[in-house]
Amino acid sequence: LHDALPISLDKKTSEELGEGAEVDVFEALKAEFPDDRISRVKKGAPGADVRHIIMFRGKDCGTILYDSKNHKAWRDEFVTKLRKDQLADKAEHAILSTHKFPEGKRQIHMRDGVLIANPARVVTLATLVRQHLIQLHTLRLSKIERENMTLALYEFITSEQCSLLLNQIEQRADTLLKLQETEVTWHQRNWNKQGEVIRAIQ
């Protein structure tokens, strides 16, 4: 696979681009939430790309739907379609993963009840929404109280404060990754030197 010639995004169809992004989101969610029920919707079947049922102590706490788009331009129909899928599936939340945003928006945005997120932020958002659903599941709240808590969650997710926190997390994660890479390089050089000494002894 790595030896194959790279294919330009411009030469791929919209379906091919969407499918690749869908697989990435699916695999990332499966890796992060192994105890949840996460499934891909078959190609050609109605519905979102990925269905994520949150499980807590063997109980179904709610559903998040995901659509993945990797198009070269934003389209309002992305949100319209996912919102319809959400209502049809009676899912509590819907997240659209995309690199292209409505004009003037970036990273995380809310439109018509759908969370729009850069693919790099999807798992983090899923973590927040998942914890929210588990909390609602364990508390005995009225419908209005549940709606108010969900509204507060969305307000936080789309706030400048949340954006700053996520940026700090990413920066520190990048720093840690660079430190690990430096350490691996040092160990590799040390092992190489040890190998040279052993060969000289032999």
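This is a tour of one protein chain, stop by stop, with a selection to make at each.

**Before starting**

The model is predicted: local features need pLDDT of at least 70, side-chain atom pairs count only at pLDDT 80 or more, and totals for chains, interfaces and linings use all residues. Residues are numbered from 1 along each chain as its sequence is written, and side-chain values use heavy atoms, with hydrogens and water left out.

**Stop 1: the whole chain**

Show the protein chain as a cartoon: five helices and six strands make up its secondary structure. Helices (H or I, at least four residues) and strands (E, at least two) are DSSP runs, numbered from the N terminus. Along the sequence the pattern reads α-β-β-β-α-β-β-β-α-α-α. The chain has 202 residues, of which 34% count as buried. Buried means under 20% relative accessible area, exposed means over 50%, and partly exposed lies in between, with a 1.4 Å probe and protein chains only. Among contacts (heavy atoms within 4.5 Å) between residues at least 6 apart in sequence, 50% join residues at least 24 apart.

**Stop 2: helix 1**

Select residues 14-32, which are helix 1, and find E27 there. E27 is partly exposed, with a relative accessible area of 46%. Now add S39: the C-alpha atoms of E27 and S39 are 10.0 Å apart, and the two residues are twelve apart in sequence.

**Stop 3: the sheet**

Select the six strands. They form an open sheet with mixed pairing, in the order 1-2-3-4-6-5. The edges are strand 1 (37-40) and strand 5 (108-111), each of which pairs on one side only. From one strand to the next the twist averages 20°. Two strands pair if DSSP finds at least two bridges between them. In general, strands of a sheet pair through backbone hydrogen bonds, either parallel or antiparallel.

Next, select residues 93-98 and 114-117. These are strand 4 and strand 6, which run parallel and are joined by three bridges. L96 stands opposite I116 of strand 6.

**Stop 4: helix 3 on the sheet**

Select residues 122-138. This is helix 3, which packs on the sheet and touches strand 2 (50-56), strand 3 (59-69), strand 4, strand 5 and strand 6. The direction of helix 3 makes about 155° with that of strand 3. Axes are lines fitted to C-alpha atoms, for helices over the stretch in contact, and angles run from 0 to 180 degrees between N-to-C directions.

**Stop 5: helix 3 against helix 4**

Add residues 143-157, helix 4; the axes of helix 3 and helix 4 come within 11 Å and cross at roughly 160°. Helix 3 is therefore roughly antiparallel to helix 4, a term for angles over 145 degrees.

Show side chains at the contact. From helix 3 come L125, L128, V129, H132, Q135 and L136, which meet R146, M149, T150, L153 and I157 in helix 4. These residues divide into seven nonpolar, three polar and one charged. Ala, Val, Leu, Ile, Met, Phe, Trp, Tyr, Cys and Pro count as nonpolar, Asp, Glu, Lys and Arg as charged, and the others, Gly among them, as polar.

**Stop 6: two loop residues**

Most residues other than glycine have a negative phi. Select K90, in the loop between helix 2 (77-89) and strand 4. Its phi is positive, near 55°, and K90 counts as exposed at 71% relative accessibility.

End at Q107, in the loop between strand 4 and strand 5. Phi of Q107 is also positive, near 65°. Q107 is partly exposed, with a relative accessible area of 24%.

Notes:
Angles under 35 degrees count as roughly parallel, over 145 as roughly antiparallel, 65 to 115 as roughly perpendicular and the rest as oblique.
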